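Student: Please take one part of this model and look at it closely. Start with a single helix contact, then work outward to what surrounds it.

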Amino acid sequence: MFERFTKDARAVVMGAVEHAEGAGAGSVDTEHLLLALLEREDSRASFALAALGLAERGDAVREALGDARRRAGLSQADAEALAGLGIDVSEIVARVEEVHGVGAMSGDRKDKGWWSGRRSFGRGAKEILEKALRIAVARRDRHVGDEHILLALTIRPGVPGEVLADHGVTYESVTRVLYGGGEAKAAG
């Protein structure tokens, strides 16, 4: 599958691995793909993110991802659903962090040198890369670009999609910017 990835898409995948390693995560997941996309410059995805105003709000996105990581990866929608059942996720996080330290529920390893091999890709990250391929095929694009990874992140339920939507980055808005129907269009 990776032979069909463009240079930019491969850079996103490698950047996601670096983010996972830097966080001491056991595997590469969807949030790492989004963090890597936020760092891209001069690519179709970076053009779309800039056109939608996300380039200036990258820190807010990183903060929202960090907050979700502190909630053990629960999305805001998950936390609200649990609140409807009388479960206060913020209170649980506060109590756990009081005893075990800030970020105790994140799943990140504090001893970052614990793993010396390649990072595996979590189920969510694998699904995103597969969806990116399907999106490219459906659009009749010859290669999978970083824009296809961005589009895949916008349609998969979970924290990255929720954070992107909270900042106005949806499948529809990205498609409009990249493929027309809007005020801007990315060069192919």
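Tutor: Arg44, Phe47, Ala48 and Ala51 of H3 meet Val174, Val177, Leu178 and Tyr179 of H10. Keep in mind that this is a predicted model. Two packed helices are described by the angle between their axes and the distance between the axes. Take both for this pair. The axes of H3 and H10 come within 9 Å and cross at roughly 115°. An angle of 65 to 115 degrees counts as roughly perpendicular, so H3 and H10 are roughly perpendicular to each other. The crossing of H3 with H10 is right-handed.

Look at the spacing on the H3 side. Phe47, Ala48 and Ala51 are among its contact residues. An α-helix has 3.6 residues a turn, so residues three or four places apart point the same way.

Now look at the two ends of H3. Helix H3 covers residues 44-51. Before it comes the loop between H2 and H3, where Asp42 lies. Asp42 is not a glycine, yet it has a positive phi of about 60°. Asp42 has 77% relative accessibility, so it counts as exposed. After H3 comes the loop between H3 and H4, which holds Gly53. Gly53 has 11% relative accessibility, so it counts as buried. Gly53 also pairs up with a distant part of the chain. His167 is 114 residues away in sequence, but the two C-alpha atoms are 8.3 Å apart.

Next, follow the H10 side inward. Val174 of H10 is one of the residues that meet H3. Val174 is also a hub of the largest nonpolar core, which has 43 residues. Leu33, Ile149, Leu150, Leu153 and Val169 join Val174 as the residues that touch the most other members. In soluble globular proteins, nonpolar side chains tend to be buried together. Both H3 and H10 give two or more residues to this core. So do H1, H2, H4, H7, H8 and H9. H7 gives the most, with seven residues.

That leads to H2. Helix H2 spans residues 30-39 and carries the hub Leu33. Nine of the 10 residues of H2 are buried, so H2 is largely enclosed by the rest of the structure. The buried set runs Thr30, Glu31, His32, Leu33, Leu34, Leu35, Ala36, Leu37 and Leu38. Note that Thr30, Glu31 and His32 are on that list.

Take Thr30 as a sample of H2. Its relative accessibility is 8%, so Thr30 counts as buried. Set aside its neighbours within four places in sequence. Thr30 then contacts Gly124, Ala125, Ile128, Leu153, Arg156 and Pro160. Two of these partners recur below: Ile128 and Leu153.

Both belong to the pairing of H7 with H8. The axes of H7 and H8 come within 8 Å and cross at roughly 115°. H7 and H8 are therefore roughly perpendicular to each other. This crossing, too, is right-handed. On the H7 side, the contact is made by Ile128, Leu129, Lys131, Ala132, Ile135 and Ala136. On the H8 side, it is made by His148, Ile149, Leu151, Ala152, Leu153 and Ile155.

Ile149 deserves a closer look. It is a core hub and part of the H7 contact. Leaving aside neighbours within four places in sequence, Ile149 touches Phe5, Ala9, Val12, Leu37, Ile128, Leu129 and Ala132. Leu37 in that list is a buried residue of H2.

The loop between H7 and H8 holds Arg140. Phi of Arg140 is near 65°, a positive value in a residue other than glycine. With 76% relative accessibility, Arg140 counts as exposed. Arg142 is found in the loop between H7 and H8 as well. Arg142 is exposed, with a relative accessible area of 70%. Its C-alpha atom is 9.4 Å from that of Phe5, 137 residues away along the chain. Phe5 is also a contact of Ile149.

Finally, step back to the whole chain. The protein has 10 helices and two strands. From the N terminus, they run α-β-α-α-α-α-α-β-α-α-α-α. Of its 188 residues, 43% count as buried. Among contacts between residues at least 6 apart in sequence, 66% join residues at least 24 apart. The accessible surface comes to about 10100 Å², and 50% of it belongs to carbon and sulfur atoms.

Notes
Residues are numbered from 1 along each chain as its sequence is written. This is a predicted model: local features need pLDDT of at least 70, side-chain atom pairs count only at pLDDT 80 or more; totals for chains, interfaces and linings use all residues. Side-chain values use heavy atoms; hydrogens and water are left out. Helices (H or I, at least four residues) and strands (E, at least two) are DSSP runs, numbered from the N terminus. Buried means under 20% relative accessible area, exposed over 50%, partly exposed in between (1.4 Å probe, protein chains only). Contact means heavy atoms within 4.5 Å. Accessible areas come from the Shrake-Rupley method with a 1.4 Å probe; for residues, only the protein chains shown count as cover. A nonpolar core is a set of buried Ala, Val, Leu, Ile, Met, Phe, Trp, Tyr and Cys residues joined through side-chain atoms within 4.5 Å. Axes are lines fitted to C-alpha atoms, for helices over the stretch in contact, and angles run from 0 to 180 degrees between N-to-C directions. Angles under 35 degrees count as roughly parallel, over 145 as roughly antiparallel, 65 to 115 as roughly perpendicular and the rest as oblique. A crossing is left-handed if the near helix is turned anticlockwise from the far one by less than a right angle, and right-handed if clockwise.
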